[in-house]
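Q: Please choose one part of this model and look at it closely, setting out its surroundings as well. I would like a connected account that a computational chemist can check step by step.

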Amino acid sequence: MGVEALKKIQEEALLAGLGIMDARAVDEWRAEWLGRKGKLGMALGLISELTASERPEFGKVGNLVKETLEGRLVAMMSSVESVEGQLDWSFPGVEPKVGHLHLTSQTIREVQNIFSELGFRRARFPEVDWDYYAFESLNMPKDHPARDDWETFFIANDKGRIKTGAKGKQVLTPHTSNAQVREMERGELPIRLINISKTYRRQSGPRHLPVFHQFEGLLIDEGVSIANLKGVVDYFVKRFFGEGVQTRLRPHHFKFTEPSFELDISCVICLGTGTVSGGKCRICKGGWLELGGAGMVHPNVLKAGGVNPKKYSGLAFGWGVERTMIMRSGVNITDIRTLYKNDLGFLEQF
Amino acid sequence: MNILAPISWLKEFCTTDFTTAELARELSLRSMSVDQILTMGDFTNMVVGVIEEVLAHPGADRLRIVMVDIGERVVQIVCGGSNLAVGARVAVALPGGKVKWHGEGEYIALTATKIRGEESYGMICAPAELGLEKLQGNEHEIWDISNLTSVVAGTNLGEALGLNEEVLEIEVTSNRPDAMSMLGLARELAVVTDGKFMGSGLRSDILSSGAMGEVSVIAPAKLCSSYYLAKLTGIKVQSSPWWLQKRLLQAGHRPINNIVDVTNYVLHELGQPLHAFDAQKINGALTVRPAVKGETFQALDKKTYKLSKNNLVIADDDGVLALGGVMGGLESGISDSTTEIYLESATFDQVNIRKTAREHNLFSDSQSLFEKGLEPEGAKAGLNRAIKLLQEIAGAKLVAVQVGVQQAEGEKKIIPIKYKEICKQLGVEIAEDQIDGYLKSLGFVVEKSGQQSKAVVPYWRRKDVTAPVDLSEEVARIYGYHNLPSRLPVGRLTGRETNRTLVWEQWLKEQLAKFGLTEFFSPSLTDLITIEKAGIDPKTAVRLQNPLNLDLEYLRPALWPGVLRDWENNQNRYSEAQVFELARTHLDQGDDNLPLEEMKLCLGWMGAGRIEQAWREIQGVMRAWGERAGVEFRYGDFVTDQSGDHDQSVDQTTGQQEVWFREKNQGEWQLAGLVQIIDGELKTRFGLVKTALILEINLESIFAVAKQGYNYQPLPTYPMAVRDITVDMGPEVVYRQLDERIRSIKNELLKKSDLIDSYRGKLRESGLVSWTFRLTIGADDRTLTTEEINDVVRVVETGLTKV
Ligand SMILES: [Zn+2]
């Protein structure tokens, strides 16, 4: 009998204690190893049979083993302490305190990420800009109706007149396309740009906001074709709206692109059939929803940005963030103004 | 602009084998979008009836009992019409048919019923009750269709009147006024459905140039590029024949009388506006001239307009007869007694027309077409078509056509056809003769000489097709965008990085939401009142020159006033909230510069019950994101001493503190913004019930130094002890003093001390406040003994309590 025997007892006791799950087993374990007639006690009682030189070492190890097993016992007791019968399983959950990103912020983030996958980088442009960047350089002749004051906001000077500088009047950007020539003027080609910004129009109503958001894509490189435009918009639509959603380009007219298109996606409500349970789908026109405008950058716009249209061509598109967002979410926001009233009841739903 | 196009009208100018649904699809994909396919109403359970008997109603003076033959039998209908006549053909809505009561509201299905005790099997209808509001009818009269159709009783009404026909509603883009007519749409339709266009044979010669009154055009040629006037006599003004009225109804026009109807018909059919003057109301020669400033004119809408010299008018010796291309005058308009007319077909300048219309807020179908830009070549064909129709339906005799301005042979617009570039732009190979074929079908003339090919642009596309790229568009759309492949672009990526501020903006919004804050998101336009309430000088703000309304007159110079304004609407339902807004604000920078546009952050602890708690939470949020962005914040006023250290003084008496930042552990402290208690005066101004705490900082320079990354600290090798201590202090003591005392202890075993509570409640009588700190105590090279730990606690206690 010696120190080795004590160490063996510790080893065996700890092994036996593994996996003990209930209070009765803990009691049995304690009786077997730590009880008055337990294995450790019996072993320690044999100290009298040792020589005087062996005793101190035996005593010291014996104490350590005892401490270890007692520590183990405490741990076992606390782990099997039963709460059975004390828990009302029907209690309701308590929600963690969560913050809320606005629906528009979430959409902007997602749009930015999707185009980032195609190598489009987001840049920042002024919300108040010169007429030159908002209109003139975009192939809009001086008498184009969009430039008249019933659609565009202008900035006042202290005499109440429109602030005007070398690059024309100061306007609140009615679209994100002021990015186009500004970006070209940086003189770096190719361009893969996304601009997401507030835009402003003199309009108001349940479907039209005077302040809304657009995202504008611009790709300028050698040999960019309509097929590439289709590739880019298809990519976005499938990533944003889902694989099953179809696209189509319809002829349209914008001054700064030629050709110009309107992009439709198949209706997410009636799945492109145009009918819902026998009746006409109220969301779409014959199975198609209008997403927004797109086109090939007009040579005059390239020229205005100092890009040689003989060598380079480009594609561009500009769509409404709110419109795109509402089209997907199926969120039944009948009055778009609800988005920006900052009612907590609304904000906390997203 | 949306154009309504009855299929049969389109087919007068083209052939097509396609069904309506098919041709609508082809038009949408390759030409003009078809918004919807309509009919003029639902004529289910609507039949032609013939009145057999009209009897008095025993229970009502105004009502009659009418026996009506509806084909298979005769039914009894109670009706209040004042023009019920035996033998008349009438429009009968049977039970199940849908009508609009009194011509208003939604359609309602009829049932067989009793009216004042008498059976009534349906209803004898007036036009408005059938949804034909544009059809003139006299009050209390039913619609007598005896002259419109001769079908037998019981025939379906829609069939009898030709109103079952499908009508396309087509959105025509503003660059295509040539397609805002049946003729132009038929040309497109023929191309996209492989049909045959039959509209090229319109007469465009001068029919007669006999003598008549004088016409002189003294306006600049730019403003009036063609002017023809026909004199017609022997006119009998009456209702137009039904086929013409029906077409106008389908096209969205209101039938008025045969003369006016013909001008509208030709406008819709050929896209050429016309105007008819009553010749007998004209005194002297007609002149087309700029208006004299101040001259007045009473238009057909019965309003009087004061003209400016930019307006173009048609006048006689007595004054203005018409605002050219916009609207005719009341005085010289067609009346029932008109027998002679001057019929005008002209071309007015698009810009001038648009400006004139906006100047007087006066709009019409003619003006709407002119402002899109019409070509002078169209004027003669339009005039000839109208003369022919007036001869047919109004007994008109042509006296003469006088030419005011004859457009000189229009300059030919010729564009080289660059086949290779077209294919390159489309991303697909198309044969040259196929491209030529597309262009020819659209009216272009393709001229070949050697290797060179050129397209002569048809006059009606002169403003729209001006460069080779425009030819690409024509080829692409007729080829069909849906037939082009979809290919992701290849080629080099740009070396450009996403804008730094925008990356951080996104990141910070996400952090704040993670910390449990709710994002406010507001329009950037605000009003003067909100700016003034916030105590901001409106002169620093950017003002709109033409605001939509005064609620949206300024670009916001700061975010927090809007946050308070919007919170006000929430406070009745929510006792508190922690919100943020992150957006750009604008400040005026003088006339020569664009406004200063800066990214700002506003944190708002709204309904902050315990203001200390709110302030601690705001600081906590600022520190949490600051640490992750490599910046640190301090609050209060700074005085920098010579060693570069900062002495911070906090003025307890004000309701606001400055917010300073610097790159973590280095760099100069810079002012970032302000944190303020919204209480007292401000609280009242914004109508808040509870106190709020608002922090607003400028993010531009913070983001400029922000860095993402982690500052890894090795974990302690030896255990740390945690001890809480509580000390009582007089009410004048602020946390910063205690913090400074602890800092000054400089005991290397004291690793950290955090304030976990400050309690004023129970000890109020003594005035004392109890402060509880949690100390973290340990050493890097050993486990401390209990004595060592207790020594540190004692040192801190002593340090805190000594004054
Ligand atoms: Zn649908």
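A: In counting charges, Lys and Arg are taken as positive and Asp and Glu as negative, while His and the chain ends are left out. The model is a predicted one, and on that count the 46 positive and 43 negative charges of chain A have mean positions 8 Å apart.

Chain A serves here as the setting. Its residues fall into domain 1 (3-83) and domain 2 (103-347), and the C-alpha centres of domain 1 of chain A and domain 2 of chain A are separated by 77 Å. The radius of gyration of chain A is 37 Å, whereas a compact globule of 350 residues would have one near 20 Å, and the C-alpha trace of chain A spans about 115 × 55 × 50 Å along its principal axes. Chain A holds 11 helices and 12 strands, and 50% of its 350 residues count as buried. Among the contacts in chain A with a separation of 6 or more, 66% join residues 24 or more positions apart. Carbon and sulfur atoms account for 51% of the accessible surface of chain A, which comes to about 16,600 Å².

The part chosen for the close look lies in chain B. Six domains are assigned there, including domain 2 (46-161), domain 3 (215-405) and domain 5 (500-705), and the C-alpha centres of domain 2 of chain B and domain 5 of chain B are 70 Å apart.

Helix 5 of chain B covers residues 242-250, and because 8 of its 9 residues are buried, it is largely enclosed by the rest of the structure. The buried residues of helix 5 of chain B are B:Trp242, B:Leu244, B:Gln245, B:Lys246, B:Arg247, B:Leu248, B:Leu249 and B:Gln250. Their cover includes strand 1 (2-6), helix 1 (7-10), helix 3 (157-161) and strand 13 (167-171) of chain B, together with helix 6 (258-270) and helix 9 (378-393) of chain B. After helix 5 of chain B comes B:Gly252, which has a positive phi, near 90°.

A second helix of the same chain can be set beside this one. Helix 15 of chain B (residues 560-568) has 7 of its 9 residues buried, so it too is largely enclosed by the rest of the structure. The buried residues in helix 15 of chain B are B:Trp560, B:Pro561, B:Gly562, B:Val563, B:Leu564, B:Asp566 and B:Trp567.

Methods: Residues are numbered from 1 along each chain as its sequence is written. Chains are lettered from A and ligands numbered from 1 in the order in which they are written. This is a predicted model: local features need pLDDT of at least 70, side-chain atom pairs count only at pLDDT 80 or more; totals for chains, interfaces and linings use all residues. Side-chain values use heavy atoms; hydrogens and water are left out. Domain bounds come from an automatic or database domain assignment. Helices (H or I, at least four residues) and strands (E, at least two) are DSSP runs, numbered from the N terminus. The radius of gyration is taken over C-alpha atoms; the globule rule is 2.2 Å times the number of residues to the power 0.38. Buried means under 20% relative accessible area, exposed over 50%, partly exposed in between (1.4 Å probe, protein chains only). Contact means heavy atoms within 4.5 Å. Accessible areas come from the Shrake-Rupley method with a 1.4 Å probe; for residues, only the protein chains shown count as cover. The place of a charge is taken as NZ of Lys, CZ of Arg, CG of Asp or CD of Glu.
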